[in-house]
Amino acid sequence: MAEGKTESPGPKKCGPYISSVTSQSVNVVIRGVVLFFIGVFLALVLNLLQIQRNVTLFPPDVVTSIFSSAWWVPPCCGTASAVIGLLYPCIDRHLGEPHKFKREWSSVMRCVAVFVGINHASAKVDFDNSFQFSLTLAALSVGLWWTFDRSRSGFGLGVGIAFLATVVTQLLVYNGVYQYTSPDFLYVRSWLPCIFFAGGITMGNIGRQLAMYECKVIPEKSHQE
């Protein structure tokens, strides 16, 4: 009997965590929820640090809720984190350039730790020259991108996120929602875009890592005799 080989799609092979959900739309929703809560947690921790160091000042009647932060800050940051985390892998697929650099959770956790460190430095380190301090944080933020991302799409999205977030923050401060002590870049601090850039890269890495756990059909070879 002649022996021939045919390929037929086998069962879907899924990774752990949210990949067990076969519906792509449900998968996206679950990833969005996970990213939202990660963003809320980081916002609570980092915003509390900024308030304790008197970097950001809210009106006395506003700072009365959880962790002494304005109630709207964590949900807004969580929503932004979900959008950013879902946007990064979507742009990668659209460009046909899947991101494969350091795709493991240990690298993602190190990226989060570096981002928290950069934010911590912005609140606690005192420089005589604010411009020099901004350049230092800019170098650290670009270093974070180079260490954990290195993609052109990631850098471009990070710059766009930093610009948009800085404009929104300027508008909020201008309308008296809150304020920064010693503003040196219109109404905000000059290092703020660096924080937004690093935050965009960090949430993008988390979103890309979560996207890796979508179900994929793995072809399985079968032999017929």
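How far apart do the end C-alpha atoms of residues 131-148 lie, and how much of that span is helix? Select that stretch and have a look: the ends are 26 Å apart, and the span is 100% helix with 0% strand. Keep in mind throughout that you're looking at a predicted model.

**Stop 1: the whole protein**

Zoom out and show everything as a cartoon. You should find six helices and four strands. If you follow the chain along its sequence, the pattern reads β-α-β-α-α-α-α-β-α-β.

Now switch on the surface. The accessible surface of the protein is about 12,800 Å², and 66% of that belongs to carbon and sulfur atoms. Of the 225 residues, 40% count as buried. Here's one more number for the overall picture: take the contacts with a separation of 6 or more, and 78% of them are between residues 24 or more positions apart.

**Stop 2: the annotated spans**

Next, colour the stretches that the UniProt record (an unreviewed entry) labels "transmembrane region": residues 28-49, 69-88, 131-148, 155-174 and 186-206. You've already met residues 131-148, which are 100% helix. Try residues 155-174 next: that span is also 100% helix and 0% strand, with its end C-alpha atoms 28 Å apart.

**Stop 3: rings**

Time to show side chains. The structure holds four aromatic pairs. One of them is phenylalanine 36 with phenylalanine 37: their ring centres are 5.5 Å apart and their planes sit at 85 degrees, so this pair is edge-to-face. Check how much of each you can see from outside. Phenylalanine 36 is partly exposed, at 25% relative accessible area, while phenylalanine 37 is exposed, at 55%.

Now jump to tryptophan 145 and phenylalanine 155. Their ring centres are 5.0 Å apart and the planes meet at 65 degrees, so this pair is edge-to-face too. The two residues are ten apart and link distant parts of the chain: tryptophan 145 belongs to helix 4 (residues 130-148) and phenylalanine 155 to helix 5 (residues 152-174). Tryptophan 145 is buried, with a relative accessible area of 12%, whereas phenylalanine 155 is partly exposed at 34%.

Don't hide them yet! Which residues form one aromatic cluster? Add Trp146 and Phe197 to your selection, and together with Trp145 and Phe155 you have the cluster.

**Stop 4: a glutamine in helix 5**

Stay on helix 5 and pick glutamine 170. Is glutamine 170 buried or exposed? It's buried, with a relative accessible area of 9%. To see what surrounds glutamine 170, ignore its neighbours within four places in sequence and select Phe185, Leu186, Tyr187 and Val188, which are in contact with it.

**Stop 5: the charged trio**

Side chains of opposite charge can pair when their charged atoms come close. The count here is two salt bridges, and you can visit both from arginine 208.

Start with aspartate 92, which you'll find in helix 2 (residues 73-95). Arginine 208 forms a salt bridge with aspartate 92, and the closest N and O atoms are 2.7 Å apart. Arginine 208 lies in helix 6 (residues 192-211) and aspartate 92 in helix 2, so the pair ties together parts that are 116 residues apart in sequence. A polar contact of 2.7 Å also joins the side chains of aspartate 92 and arginine 208.

Next, add aspartate 149. This residue forms a salt bridge with arginine 208 as well, and here the closest N and O atoms are 2.9 Å apart. Again, distant parts of the chain are linked: aspartate 149 is in the loop between helix 4 and helix 5, and arginine 208 is in helix 6, 59 residues apart.

Are these residues buried or exposed? Turn the surface back on to check. Aspartate 149 is buried, with a relative accessible area of 1%. Arginine 208 is buried at 4%, and aspartate 92 counts as buried at 6%. Buried means under 20% relative accessible area, so each of these values falls on the buried side.

Finish by selecting the three together: salt bridges that share partners join Asp92, Asp149 and Arg208 into one network.

Definitions and conventions: Residues are numbered from 1 along each chain as its sequence is written. This is a predicted model: local features need pLDDT of at least 70, side-chain atom pairs count only at pLDDT 80 or more; totals for chains, interfaces and linings use all residues. Side-chain values use heavy atoms; hydrogens and water are left out. UniProt positions are given in the numbering used here, feature names are shortened, and annotations may be inferred rather than shown by experiment. Buried means under 20% relative accessible area, exposed over 50%, partly exposed in between (1.4 Å probe, protein chains only). Contact means heavy atoms within 4.5 Å. Accessible areas come from the Shrake-Rupley method with a 1.4 Å probe; for residues, only the protein chains shown count as cover. Rings of Phe, Tyr and Trp (its six-membered ring) pair if their centres lie within 6.5 Å; planes under 30 degrees apart count as stacked, over 60 as edge-to-face and the rest as tilted. A polar contact is a pair of N or O atoms within 3.5 Å; within protein, one must be able to donate a hydrogen and the other to accept it, and residues adjacent in sequence count only if both atoms are side-chain atoms. A salt bridge is a side-chain nitrogen of Lys or Arg within 4 Å of a carboxyl oxygen of Asp or Glu.
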